[in-house]
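Here is a quick walk through some local features of a two-chain model. Keep the viewer open and follow along.

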Amino acid sequence: MSIHEEKKDILGQSYIYMNYQVDKKGFYGNFGGAYIPEMLVPNVEELRNRYLSIIQEESFQTEMDQLLRDYVGRPTPLYLAKRLSEKYNTTIYLKREDLCHTGAHKVNNTIGQILLARRLGKTRIIAETGAGQHGVATATVCALMGMECIVYMGAVDMERQKPNVERMKMLGATVRPANSGSKTLKDATNEAIRDWINNPVDTHYIIGSVVGPHPYPDLVARFQSIISEEMREQLIDKTGSPNPNYVIACVGGGSNAAGAFYHYLNEKSVNLIAVEAAGQGVYSGHSAATTFLGKPGVIHGSKTLLMQTEDGQITEPYSISAGLDYPGIGPMHANLFETGRAKFYSVTDGEAFNAAMLLSRMEGIIPALESAHAIAVLENIPVKKDDVVVINLSGRGDKDLMTYITRKDEFTK
Amino acid sequence: MTSTKINNKLTQLFATKKKGLLNIYFTAGYPQLEDTRTILKALQDGGADMVEIGIPFSDPLADGPIIQESNDAALHNGITLKKIIQQLQGMRDEIHIPVLLMGYINSALQYGVEKLVSDLSELGVDGMILPDLPVDEYKEKYQDLFEASNLSMVFLVTPQTSAERMKYIDQASSGFIYVVSTASTTGNEAKDLAGQKEYFERIHQAKFNNPTMIGFNIKDHASYTEACQYANGAIIGSAFIKMLGNSHLLEKDIKEFVSFVKQ
Ligand SMILES: Cc1ncc(COP(=O)(O)O)c(C=O)c1O
């Protein structure tokens, strides 16, 4: 365990500092590490040895800042949702990641990783995708840089997120169906990892969330941390304090939540709320609520909480939202759960669906199904009148329109 | 070196036979749940020098389609690690060649590594291959346990492994070094041994403390013979699994397969 770090204060007295960041060995408390076959070690080691110095280079930061501003459209607004605030009798801000170019927070990470890949001398990019948002964000930055792009996507997801498949193709990417296992995000990730094993020299794997072997969880969290960096400044402007009472985000692998929590991890007054997909109900057998149903184990190269059988077989998750349909969570979140630093809630398909309807009608914002899970949890959080609540609206709902149209009758009371 | 601390059927084999060793991998519980012992016995009778029994896993990252499908089929048949241990009870009454278990770390973690080591050692299993177990973690947490139980641990090296890391892996390994022939998942038909001479020479020159076995994409007599020029032997997996999947007379076909490879 290394979450308790002894530090000295300015008077030289030691105190215990809770460290929620990754340690030198790549662990967040009991979770993380790099459980990978030898074939991947050289690539992952190169990344581990070089990522910090590369992303701290001035030329890297200048290029990144410029792209985030002029291409992605950052900073994204922090919007006071007046009617939603009235309904819940509190003050609610939405961090508008849905307004990012390509429609979700995923592009913050792909911009960073493509710049990193170029500095590593890689010429071929692979990625996995669930909802297709990370695939689109990867295809986009590859088009921008003129690099070859191959995206693995579960055959089931290709069917339910068709518009995103077409977008990726239009952007010049090759979309390869993952036909193994449950044919969803987990299997697409397996296929991407296998591709990397078979192409170890020229290829960089742009992983789409805070999952995978160290240093990926830390790398992706750093690229997404722009979300809470901006939040702090925007909150000072709007409320006089950088700290809200609550930060709420949905968790698939956990990248938008990692970005929204990042600069608040050691700010105890800020309640961190992570929302998982309960699917048809946490104990229905059709769920993706990992902290409720999971046990420690190894998935995709990292030790974390994951849904599995007693024999250690990874089980098929289920959620109406393809982006939350993952049987694990990033190791950082497993540690936030274990230490109690973040509180985990789960929201069913129907609750998320209705929250999407609510936000559309009350604020004129159609959210992604993933983000709708974060809205829905307002029903369960004991917010007070004077509280300031920030919800990370991770993406927009265009990609989910077919689901919103076809399943309306089923979910509306 | 650590390997000298261990004395089991695997180390004894390498002490007496240094060339042309054939190691065959098969998936437990495949094609039928109860085929594990039949296959093991037929491999011994056919002349395999050692075997690796695969522990099926839902997400075998390092494996190509053939082994993936055998894993899925075996899981569908109802195999679990517990069941494999049951199936292997009493195997040393009839099996005299070295037996290794190969799988992914999550299976071992859920079973409990200490319990697994103790159960395997009781069965007379000689070693394990867990490709996604980090070498560091093995040294830190498990090496003493494995050595105390006379269980070998086999690690992999690949064409991209640096000379320095190869040394480190050699020090941690006991039994043999698994030399992955090409940068590849298992059974990748797009890859073969052509062009790997320089790499195999490099391995040969490295003068490891441990014997070496070349695996991945070894599929027939020709590739087996070629690999054996550079190592103590070779490992066949996917090609054997593919044969099993098409076989109607397991014992006969297995013996034919082995004698065809060894000729
Ligand atoms: C809009 C949106 N939000 C959230 C997620 C979930 O991913 P993460 O937990 O990494 O933010 C996705 C994934 O596809 C997404 O598209």
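## Surface, sheets and odd backbones

Let's start on a helix: A:E229 sits in helix α10 of chain A. Keep in mind that this is a predicted model. With a relative accessible area of 38%, A:E229 is partly exposed, and it joins A:D65, A:E233 and A:D237 in a negative surface patch. Which element gives the largest share of that negative patch? Helix α10 (residues 226-239) of chain A does, with three residues.

Chain A also has a nonpolar patch on its surface, made of A:L401, A:M402 and A:I405. Together these residues offer about 310 Å² of accessible area. A:L401 belongs to helix α16 (residues 401-406) of chain A, and its relative accessible area of 43% makes it partly exposed.

Now for a spot elsewhere in chain A. A:A143 is part of helix α5 (residues 133-145) of chain A and is partly exposed at 43% relative accessibility. Look for A:A173 too: it is 30 residues from A:A143 in sequence, yet the two C-alpha atoms are 8.2 Å apart in space.

**Strands in chain A**

Is strand β11 (residues 246-250) of chain A mostly covered or mostly open? Mostly covered: five of its five residues are buried. Side chains in a regular strand alternate between the two faces of the sheet. In β11(A), one side carries A:Y246, A:I248 and A:C250, the other carries A:V247 and A:A249, and all of them are buried, so both faces are covered. The neighbour here is strand β12 (residues 271-279) of chain A, which runs parallel to β11(A) and is joined to it by five bridges. If you want a pair to click on, A:Y246 has A:N271 as its bridge partner in β12(A).

**The sheet in chain B**

Over in chain B, nine strands make an open sheet with parallel pairing, and the order reads β5-β4-β3-β2-β1-β9-β8-β7-β6. The edges are taken by β5 (152-153) and β6 (156-157) of chain B; each has a single partner strand, so one side of each has no neighbour in the sheet. Further in, strand β2 (residues 50-54) of chain B runs parallel to strand β3 (residues 99-102) of chain B, and four bridges hold the pair. There, B:I53 stands opposite B:L101 in β3(B).

**Backbone oddities**

Both chains have some unusual backbone geometry, listed here.

| Site | Feature | Value |
|---|---|---|
| A:H214 to A:P215 | cis peptide bond | omega near 15° |
| B:Y30 to B:P31 | cis peptide bond | omega about 0° |
| B:N217 | positive phi, not a glycine | phi about 65° |
| B:Q263 | positive phi, not a glycine | phi near 40° |

Where do these fall? A:P215 is in the loop between β10 (203-205) and α9 (216-224) of chain A. B:P31 lies in the loop between β1 (21-27) and α2 (36-46) of chain B.

As for the positive phi values, B:N217 is in the loop between β8 (212-215) and α10 (221-228) of chain B. It counts as buried because its relative accessibility is 10%, with the cut-off for buried at under 20%. B:Q263 lies in the segment after α12 (250-262) of chain B. With a relative accessible area of 64%, B:Q263 is exposed.

Key. Residues numbered from 1 in each chain as written. Chains lettered and ligands numbered in written order. Predicted model: local features only at pLDDT ≥ 70, side-chain atom pairs only at ≥ 80, totals over all residues. Heavy atoms only, no water. Patch = residues over 30% accessible without salt bridge, like charges linked within 9 Å, V, L, I, M, F, W, Y side chains within 5 Å. Areas by Shrake-Rupley, 256 points an atom, 1.4 Å probe, with all protein chains shown as cover. Salt bridge = Lys/Arg side-chain N within 4 Å of Asp/Glu carboxyl O. Lys, Arg positive; Asp, Glu negative; His and termini not counted. Charge placed at Lys NZ, Arg CZ, Asp CG, Glu CD. Helix = DSSP H or I, 4+ residues; strand = E, 2+ residues; numbered from the N terminus. Buried < 20%, exposed > 50% of the residue type's maximum accessible area, 1.4 Å probe, protein only. Pairing = 2+ DSSP bridges.
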